[in-house]
Each structure stands twice: as C-alpha cells, then as structure tokens.
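The exercises below are to be worked through with the sequence and the coordinates open side by side. Each task is followed by a solution that goes step by step.

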Amino acid sequence: MIQEINTKTLNMKTRIQEKYKALFGEEAPVYASAGRINLIGEHTDYNGGYVFPGAINFGIMAAIKPNGTDKVKVFSLDFDQMSEFGLKEEDKPKEAWACYVFGVCRETLKRGGKVEGFNAVFAGDVPLGAGLSSSAALESTFAYALNDIWDNKIEKFELAKIGQSTEHNYCGVKCGIMDQFASIFGKEGALIRLNCKTGEYKYFPFHPKGYKLVLIDSCVKHELASSAYNKRRESCEKAAAEIKKLHPEVDFLSDAKRLWLDEVRDKISQEDFLRAEYVIGEVQRVLDVCDALERDDYETVGEMMYQTHFGLSRLYEVSCEELDFLNKLARKMDVTGSRVMGGGFGGCTINLVKDELYDGFIKAAKEQFTAKFGHAPKIYEVVISDGARKLQ
Ligand code: ADP
Ligand code: MG
C-alpha cells in the first residue's frame with residue numbers, strides 16, 4: 001500500500017511539474033495537503049465536544065513560485081483552466097475553484113502575512129463533495145505554501161483558520177474547523193483528537209495492522225440536510241440551556257454528564273432528549289476509542305463505530321435508507337466497525353474491515369447496494385497519511 005501511495009504521489013507531482021514548466025518555463029517547488037476522515041465524534045463540534053480526524057492518502061498538490069508581479073496566475077489541471085487575479089479584496093476571481101486560492105491569499109494578508117504575485121499549477125485526487133473535504137485540502141496546500149514561501153511564521157492553528165475563513169468569507173460555506181485542522185496537522189499513522197471548545201489537541205497512534213479502513217460512498221445527498229442540521233443544533237442548545245439551570249458550569253452539551261440529562265427529562269421534549277442523549281454518548285465514545293487505540297484494541301474501536309451509527313440513525317435521526325443499508329450489511333458480514341461519516345442524509349460510511357474479509361465485503365456492498373438502489377456506490381480505501389507539507 002505504501003508503495004502504491006508513493007507511486008500515486010510521484011505521478012501527480014510529475015504531471016504538475018511538467019505543466020508548470022510548459023506554462024511558465026521554469027521549475028517550482030511542490031506543496032501538498034490532504035483530505036480527511038473522521039473516525040468518530042460526529043455532530044460533536046458545535047456541542048463543544050471532541051472530533052477525531054486524520055489526514056488521508058488523497059490530497060491536493062501544487063507547484064508554486066513567486067512571479068515578481070502583483071498578480072496570481074493559477075492553473076487547475078483537473079478543470080484544465082487558468083485563473084488570473086490580483087490580491088485586493090475587489091479582485092475575487094469568477095471561477096469558483098479559484099476563490100479558494102484567492103481566499104487563502106486574502107486571509108493571509110489580513111493576518112499581516114506577506115503574499116505577492118505567484119504562478120501555480122495544482123491537481124488533486126480527493127473526490128469532490130464526497131465528504132472527504134477536497135476544499136480543505138486545497139486551502140491547506142496554499143495556506144501552508146504561502147506561509148513557507150514568504151516565511152510569514154503564521155502558527156499552524158492559524159493556518160487552519162485561514163482555510164476556514166476562506167470558506168466563510170469567499171466560498172459561502174459556514175464550516176467548522178475540523179477539516180482544515182486535520183489537513184494542516186495530519187500525520188501518517190496518527191489520528192488527532194481535537195477539543196472543539198478549547199482547541200486543545202492530542203495525537204493518538206492509528207496502526208490498524210490486519211485491518212483496512214474503507215469508505216463506501218452512497219453517492220446520494222438528500223435535500224433535508226441543511227434544515228435538519230439547524231434543527232439538531234437548536235435541540236442541543238435547548239437541552240444544554242435546561243441543564244445549565246441546574247448545573248451552571250454547562251455551556252455546551254459536551255459539558256453535561258449523562259445523569260444531568262435525566263434530571264431535565266420532563267423539562268424538554270422527547271425529541272430534544274434523544275438528540276442530547278446521542279451527543280453526550282458520542283463525546284464519551286471518542287474518549288473510549290482513544291483509550292482503545294492506546295491498547296491497540298481495534299475491536300473496541302469498531303464496536304464504538306457501530307454504536308455511533310445506531311445513535312446517528314435512531315437518536316439523532318440523520319441517517320438514511322442507503323446508509324443504514326450499508327451499515328446493516330457490514331454488521332452481517334462481520335465487519336469490525338461501520339458508521340455513517342459526516343453530517344448525514346447521504347455521503348459515505350466509514351468501515352474498519354479485517355484484511356481477510358475485505359474483498360468479500362466490498363464485492364457484496366457493490367452488488368447488493370446496486371441491486372437495491374439502482375446505482376453503484378464508490379469505494380475509497382484510505383490510509384492515514386501526512387497533511388500539509390513541502391515535497392522533496
Ligand atoms: P468537499 O466536501 O470535497 O470539500 P466542497 O464542495 O466543500 O466539497 O469543495 C469542493 C470544491 O473545491 C470544488 O467544487 C472545487 O471548487 C474545489 N476543489 C476541490 N478539489 C479540487 C481540484 N482537484 N481542482 C480544482 N478545484 C478543486
Ligand atoms: Mg468542503
């Protein structure tokens with residue numbers, strides 16, 4: 001597998017360098033960053049809880065070099081398109097993909113960093129919009145590169161925030177910090193537990209020897225997603241506010257003990273109760289998974305993933321028929337762990353599968369899913385890899 005990754009990286013790097021040479025007549029250093037998975041810790045971010053992401057072997061790569069002007073010329077190999085723009089606020093490019101690059105330039109400048117004109121060519125292999133955060137990979141590649149090229153000495157956490165602010169201010173996406181955080185901080189063989197309330201983080205070893213980590217993309221996205229998301233947030237806020245009346249230290253649901261939720265059972269709706277029950281359970285499950293990883297106990301990790309899926313499906317009610325189908329199939333085929341990953345209502349399941357069961361599981365998932373839903377799922381085998389970096 002590592003061999004495969006190296007080959008894949010080399011191929012992409014070569015393509016980028018060749019295009020850069022053809023367009024700009026010289027060579028340029030190459031930077032990269034990665035998409036991400038989140039092993040566990042779903043819908044916990046806005047509740048002040050933990051998330052547990054890692055960078056993956058799907059990423060973005062860019063050759064970048066100053067060009068001595070005040071203009072940026074950036075070429076997207078995947079869209080086969082050039083975008084040119086200045087660095088002032090009013091220079092926002094018309095190509096949607098270029099807004100990510102422009103936003104990173106602007107957010108770096110806003111933080112007092114230096115950015116001048118540059119030429120760039122980039123490409124990637126993170127599937128767009130599949131829940132692996134291709135946008136964070138793109139932002140993080142450029143945020144890291146500009147910081148390195150102009151020696152701005154912006155701290156890593158702030159580089160992640162540059163990506164997040166880019167989404168907020170230039171791409172119209174009000175995202176949290178997890179994706180950019182994972183993309184910037186990711187390390188091979190390690191997942192990172194991030195406390196979304198305090199910003200504290202800790203690396204945990206992730207070396208699932210004898211297992212594979214695989215995403216099955218249902219390729220559906222149900223309409224409900226954004227209105228349901230807002231409703232879930234409201235439920236959590238209501239439950240937290242009620243608990244706070246008895247326990248003033250509770251600012252977020254993640255601060256509450258399970259028992260405290262029972263104390264307000266009569267004060268909140270049954271629906272809000274179930275939502276809160278999921279969140280409080282999920283915060284604990286992240287901690288349990290971290291403990292299990294320190295013992296190399298991947299069976300417990302897997303069991304927690306199933307519990308998360310149950311919670312997301314039955315208590316939080318953000319799953320859907322396609323995802324429940326994939327989860328049930330995983331259970332039936334003795335897959336170690338499986339759950340919906342991301343906000344829900346579509347997207348991928350993330351699965352921890354023993355090597356010897358892998359081929360059979362993937363074959364069954366493809367066949368049975370296609371038979372039931374009329375289209376094939378997509379399969380992404382992922383390996384926890386390095387995040388933002390300069391390539392040698
Ligand atoms: P995701 O969940 O993958 O982050 P988004 O909709 O947030 O999905 O971001 C996808 C957008 O990011 C694309 O529409 C495109 O503008 C940009 N992008 C991602 N990867 C690439 C790429 N390889 N080349 C050009 N643009 C990309
Ligand atoms: Mg995105």
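**Exercise 1.** Is the crossing of α2 and α4 left-handed or right-handed? Characterise the contact between these helices as well.

*Solution.* The model is a predicted one. The crossing of α2 and α4 is right-handed. The axes of α2 and α4 (residues 156-170) come within 8 Å and cross at roughly 115 degrees. On the side of α2, the residues that make the contact include Cys99, Tyr100, Phe102 and Arg106, while among those contributed by α4 are Ile162, Glu167 and Tyr170. Sorted by class, this contact has 6 nonpolar, 5 polar and 4 charged residues.

**Exercise 2.** Establish the strand order of the open sheet of 6 strands, and place α2 and α3 on this sheet.

*Solution.* Begin with the order, which is β5-β4-β6-β3-β1-β13, with mixed pairing. At the edges are β5 (81-86) and β13 (389-390), each of which pairs on one side only. Within the sheet, β4 (residues 71-76) and β6 (residues 118-124) pair in the parallel sense over 4 bridges, and Val74 stands opposite Ala120 in β6. Helix α3 (residues 134-149) packs on the sheet and touches β1, β3, β4, β6 and β13, its direction making about 145 degrees with that of β1. Helix α2 (residues 96-110), for its part, lies across β4, β5 and β6 and runs at about 30 degrees to β5.

**Exercise 3.** Identify the residues closest to ligand 1 and work out which atoms are involved in its polar contacts.

*Solution.* Ligand 1 is surrounded by 16 residues, of which the closest are Asp78, Leu128, Gly129, Ser134 and Ser135. A nitrogen atom of the ligand lies 2.8 Å from a polar side-chain atom of Asp78. With Gly129 the partner is a backbone N or O atom, 2.8 Å from an oxygen atom of ligand 1, whereas with Ser134 a side-chain N or O atom is 2.7 Å from an oxygen atom of the ligand.

**Exercise 4.** Describe the open sheet of 4 strands, explain what is left without a neighbour, and add the helices that lie across its strands.

*Solution.* The order is β10-β11-β9-β12, with antiparallel pairing. Because β10 (337-340) and β12 (378-382) stand at the edges with a single partner strand each, one side of each is left without a neighbour in the sheet. Neighbouring strands are turned by 20 degrees against each other on average, direction ignored. Strand β9 (residues 211-221) pairs with β12 in the antiparallel sense over 5 bridges, and Ile216 stands opposite Ile379 in β12. Helix α10 (residues 321-332) lies across β9, β10 and β11 at about 5 degrees to β11, while α11 (residues 355-373) lies across β9, β11 and β12 at about 150 degrees to β11.

How values were computed: Residues numbered from 1 in each chain as written. Chains lettered and ligands numbered in written order. Predicted model: local features only at pLDDT ≥ 70, side-chain atom pairs only at ≥ 80, totals over all residues. Heavy atoms only, no water. Pairing = 2+ DSSP bridges. Helix = DSSP H or I, 4+ residues; strand = E, 2+ residues; numbered from the N terminus. Contact = heavy atoms within 4.5 Å. Axes fitted to C-alpha atoms, helices over the stretch in contact; angles between N-to-C directions. Left-handed = near helix turned anticlockwise from the far one by under 90°. Nonpolar A, V, L, I, M, F, W, Y, C, P; charged D, E, K, R; others polar. Near = heavy atom within 4 Å. Polar contact = N/O pair within 3.5 Å; in protein donor to acceptor, adjacent residues only side chain to side chain.
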